[in-house]
Amino acid sequence: MGLSKTIWTNPAEFLRMQQPENPVLFFAPSAVQAAARRFIDGFPGMVTYAVKSNPGEEMVENLAAAGVRGYDCASPFEIDLIRRLAPDAAIHYNNPVRARYEIEHAVARGVKSYSVDSRSELDKLIELVPAEGTEISVRFKLPVAGAAYNFGAKFGATADLADDLLKVVAEAGFIPSLTFHPGTQCTDPHAWEAYIRAAAEIAAEAGVTIARLNVGGGFPNHRLHAVVPALEDTFRLIDRVATEAFGDNRPLLVCEPGRAMCGDAFTLAARVKSVRDGEHVFLNDGVYGTLTELPLIGVIDRFQVVAPDGTPRTGKPENRIVFGPTCDSVDRLPGELPLPSDIAEGDYVIWHGMGSYSVVTNSRFNGFGDLQMATVLSLKV
Ligand SMILES: *Cc1c(COP(=O)(O)O)cnc(C)c1O
């Protein structure tokens with residue numbers, strides 16, 4: 001997969017001229033820049049990018065150009081990627097469980113911020129990381145809903161454990177901070193409110209003044225026509241609640257959005273391989289390709305269908321079962337999709353909001369997944 005040098009006007013122009021047989025992800029640098037500016041202008045603190053959601057070089061380079069100065073990394077590979085593409089940026093190593101060689105790798109690359117959610121992993125950090133000028137953020141969790149799925153199932157200390165860890169971090173001479181992740185595609189801003197208030201209680205209970213509070217990623221991208229992310233409202237709520245909860249001890253705030261930064265900058269075109277006996281629609285992309293997330297966090301209803309010449313299909317929507325190209329019966333999109341009645345073999349189904357957890361989780365299972373990327377000026381079809 002490579003990004004060609006040609007810049008196309010929009011996806012329809014590319015489809016008309018190229019008639020691609022493999023799935024294509026269209027990338028609009030202008031959309032990444034706009035998302036980055038929305039965070040930098042609106043978020044009341046430092047904006048970092050969660051590299052795992054889309055580690056494409058074109059993503060990172062555009063974010064760096066737009067002024068994103070910090071990156072949340074989870075592995076030596078991601079750390080090296082950021083050191084190469086954004087050498088002066090801060091790296092926050094926020095995967096709370098690390099092998100010793102991974103910690104040593106980060107120390108050697110000058111990483112100065114780590115998260116932790118357990119005593120055993122904190123002991124490793126204390127042993128291997130020089131405390132001077134280095135931040136350790138204790139990651140905690142709450143049983144709150146609001147996200148598409150709950151990140152607390154894997155990571156996060158309970159409030160009691162977080163108290164203890166915070167004290168140990170401060171006693172060991174590290175810069176003490178707190179962090180949480182409300183869960184991905186979190187459309188309920190009040191999840192942040194609950195977490196910020198809990199953070200203030202944890203710090204007070206531990207008797208530790210925290211330097212920073214990292215309010216995670218989880219900011220939604222635009223997946224459903226009916227639900228447009230109101231990021232600015234969430235930013236204002238975070239700002240207000242941080243002051244209310246911490247008063248004079250208000251920490252600096254950090255956020256680490258993934259999908260909200262990259263999601264809406266990419267649009268997918270998948271070709272219709274067959275309308276089998278006029279019924280089931282088979283696409284050249286599916287849940288082993290870039291549509292991996294649909295069964296996990298729900299469908300994206302921002303799609304449209306165009307004929308091979310790029311003109312929109314306008315038939316009345318009819319619910320259809322849609323399969324991906326592999327021979328695995330799991331390779332089916334959830335539920336049924338309201339596709340235009342005149343959809344035909346050779347058409348393209350175009351999905352918006354496809355930049356996160358898509359390029360990077362695409363697999364070559366069964367020999368499919370030969371994904372192509374194309375740069376466009378506009379994602380409007
Ligand atoms: C995945 C992840 C993120 C980004 O989450 P999004 O829901 O994509 O915004 C941020 N922080 C951490 C620690 C993560 O693991």
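This is a short tour of a predicted model, moving from the ligand to a buried asparagine, then to a phenylalanine in a loop and finally to a helix.

**The ligand and its shell**

Begin by selecting the ligand together with the residues around it: 15 residues surround the ligand, and the closest are Lys-52, Thr-184, Gly-218, Glu-256 and Tyr-357. If you colour this shell by residue class, you will find four nonpolar, six polar and five charged residues. Now show the side chain of Lys-52, where an N or O atom is 2.8 Å from an oxygen atom of the ligand. Next display the backbone of Gly-258, which places an N or O atom 2.9 Å from a ligand oxygen, and then the backbone of Arg-259, where an N or O atom also lies 2.9 Å from an oxygen atom of the ligand. The ligand on its own has 390 Å² of accessible area, of which the protein covers 93%.

**Asn-214, in strand β9**

Keep Glu-256 on screen, since it is among the closest residues to the ligand, and add Asn-214, whose side chain makes a polar contact of 3.2 Å with the side chain of Glu-256. Asn-214 lies in strand β9, and its relative accessible area is 6%, so it counts as buried. Leaving aside neighbours within four places in sequence, the residues in contact with Asn-214 are Asn-94, Leu-178, Thr-179, Phe-180, Val-254, Cys-255 and Glu-256.

**Phe-43, in a loop**

Select Phe-43 next, in the loop between α2 (29-42) and β3 (46-50). Is this residue, at 4% relative accessibility, buried or exposed? Phe-43 counts as buried, because that value is under the 20% cut-off. Not counting residues up to four places away in sequence, Phe-43 touches Arg-38, Val-215, Phe-235, Ile-238, Leu-253, Val-254 and Cys-255. Draw a distance between the C-alpha atoms of Phe-43 and Phe-235, and you should read 5.3 Å, although the two are 192 residues apart in sequence.

**Helix α8**

Finish with helix α8, residues 190-206, whose 17 residues should span 24 Å at 1.5 Å a residue; the end C-alpha atoms are 24 Å apart, which agrees with that expectation. Show its buried residues, among them Trp-192, Tyr-195, Ile-196, Ala-199 and Ile-202, and then reveal what the buried residues of α8 pack against, namely α7 (159-171), β8 (175-179), β9 (212-214) and α9 (231-246). Strand β9 is also where Asn-214 lies. The last stop is Gly-207, which follows α8 and has a positive phi, near 70°.

How values were computed:
Residues are numbered from 1 along each chain as its sequence is written. This is a predicted model: local features need pLDDT of at least 70, side-chain atom pairs count only at pLDDT 80 or more; totals for chains, interfaces and linings use all residues. Side-chain values use heavy atoms; hydrogens and water are left out. A residue is near a molecule or strand if one of its heavy atoms lies within 4 Å of it. A polar contact is a pair of N or O atoms within 3.5 Å; within protein, one must be able to donate a hydrogen and the other to accept it, and residues adjacent in sequence count only if both atoms are side-chain atoms. Accessible areas come from the Shrake-Rupley method with a 1.4 Å probe; for residues, only the protein chains shown count as cover. Ala, Val, Leu, Ile, Met, Phe, Trp, Tyr, Cys and Pro count as nonpolar, Asp, Glu, Lys and Arg as charged, and the others, Gly among them, as polar. Helices (H or I, at least four residues) and strands (E, at least two) are DSSP runs, numbered from the N terminus. Buried means under 20% relative accessible area, exposed over 50%, partly exposed in between (1.4 Å probe, protein chains only). Contact means heavy atoms within 4.5 Å. The expected span of a helix is 1.5 Å times one less than its number of residues.
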